[in-house]
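Me: Could you take a close look at the salt bridges in this one for me? I'd like to know which side chains pair up and how open each partner is.

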Amino acid sequence: MSVDACKAFVDADVAALKRVLTDDFTLTLSNGDVSTRANEIDELRSGNVHYDVFENYDMKARLYGDSTAVVLGKTRVKGTSNGKPFDRVVQFTDTLVKRNGRWQVAAGHVSRIEK
């Protein structure tokens, strides 16, 4: 996810998340489930999940023209979900598209990295 998306999750900023995800955004989770933009927004809005840390690192980007990018990297997330703590690292692949002069995440895939 982009830095703006990470910040939106930490800040629980629904408006910011709406700006950085395309309307048809999908995220394939490591268990095979698929989450949509609406799912991500609803979860953030509910307050059931709280992030203390949502950081990307070891990122590599590949540009295709001036409006498509594929970004690979790792994300560390730490916080609570329904009152239970979590702290994990995932490998991600995101596809971003540039629309109206700004980058948005169109699709993502995460695989959990076991410690």
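Reply: A quick definition to start with: exposed means over 50% relative accessible area, buried means under 20%, and partly exposed is anything in between. One caution before the details is that this is a predicted model.

The count comes to five salt bridges, and I'll walk through some of them. Lys7 pairs with Asp11, with 2.6 Å between the closest N and O atoms. Both residues sit in helix H1 (residues 3–11), and they are four residues apart, about one turn of the helix. Lys7 has a relative accessible area of 52%, so this residue falls in the exposed class. Asp11 is at 40% relative accessibility, which means partly exposed.

Next up are Arg37 and Asp23, whose side chains meet in a salt bridge at 3.4 Å, N to O. Arg37 belongs to helix H3 (residues 37–46) and Asp23 to strand S1 (residues 21–28), so this pair ties together parts that are 14 residues apart in sequence. The two ends sit in opposite classes here: Arg37 is buried, with a relative accessible area of 16%, whereas Asp23 is exposed at 66%.

Then there's Lys74 with Asp58, where the closest N and O atoms are 3.8 Å apart. That one runs from strand to strand: Lys74 lies in S4 (residues 68–81) and Asp58 in S3 (residues 49–64), so the pair ties together parts that are 16 residues apart in sequence. Lys74 counts as partly exposed, at 24% relative accessibility, while Asp58 is exposed, with a relative accessible area of 52%.

As for why such pairs turn up, side chains of opposite charge can pair when their charged atoms come close.

It's also worth setting these pairs against the nonpolar interior. The largest nonpolar core has 25 residues, and those with the most contacts inside it are Phe9, Leu17, Leu21, Tyr51 and Phe54. At least two residues of this core come from each of H1, helix H2 (14–20), S1, H3, S3, S4, strand S5 (84–99) and strand S6 (102–113). Leu17 shows some of the wiring: setting aside neighbours within four places in sequence, this residue is in contact with Ala8, Phe9, Glu40, Ile41 and Leu44.

Definitions and conventions
Residues numbered from 1 in each chain as written. Predicted model: local features only at pLDDT ≥ 70, side-chain atom pairs only at ≥ 80, totals over all residues. Heavy atoms only, no water. Salt bridge = Lys/Arg side-chain N within 4 Å of Asp/Glu carboxyl O. Buried < 20%, exposed > 50% of the residue type's maximum accessible area, 1.4 Å probe, protein only. Core = buried A, V, L, I, M, F, W, Y, C linked by side-chain atoms within 4.5 Å. Contact = heavy atoms within 4.5 Å.
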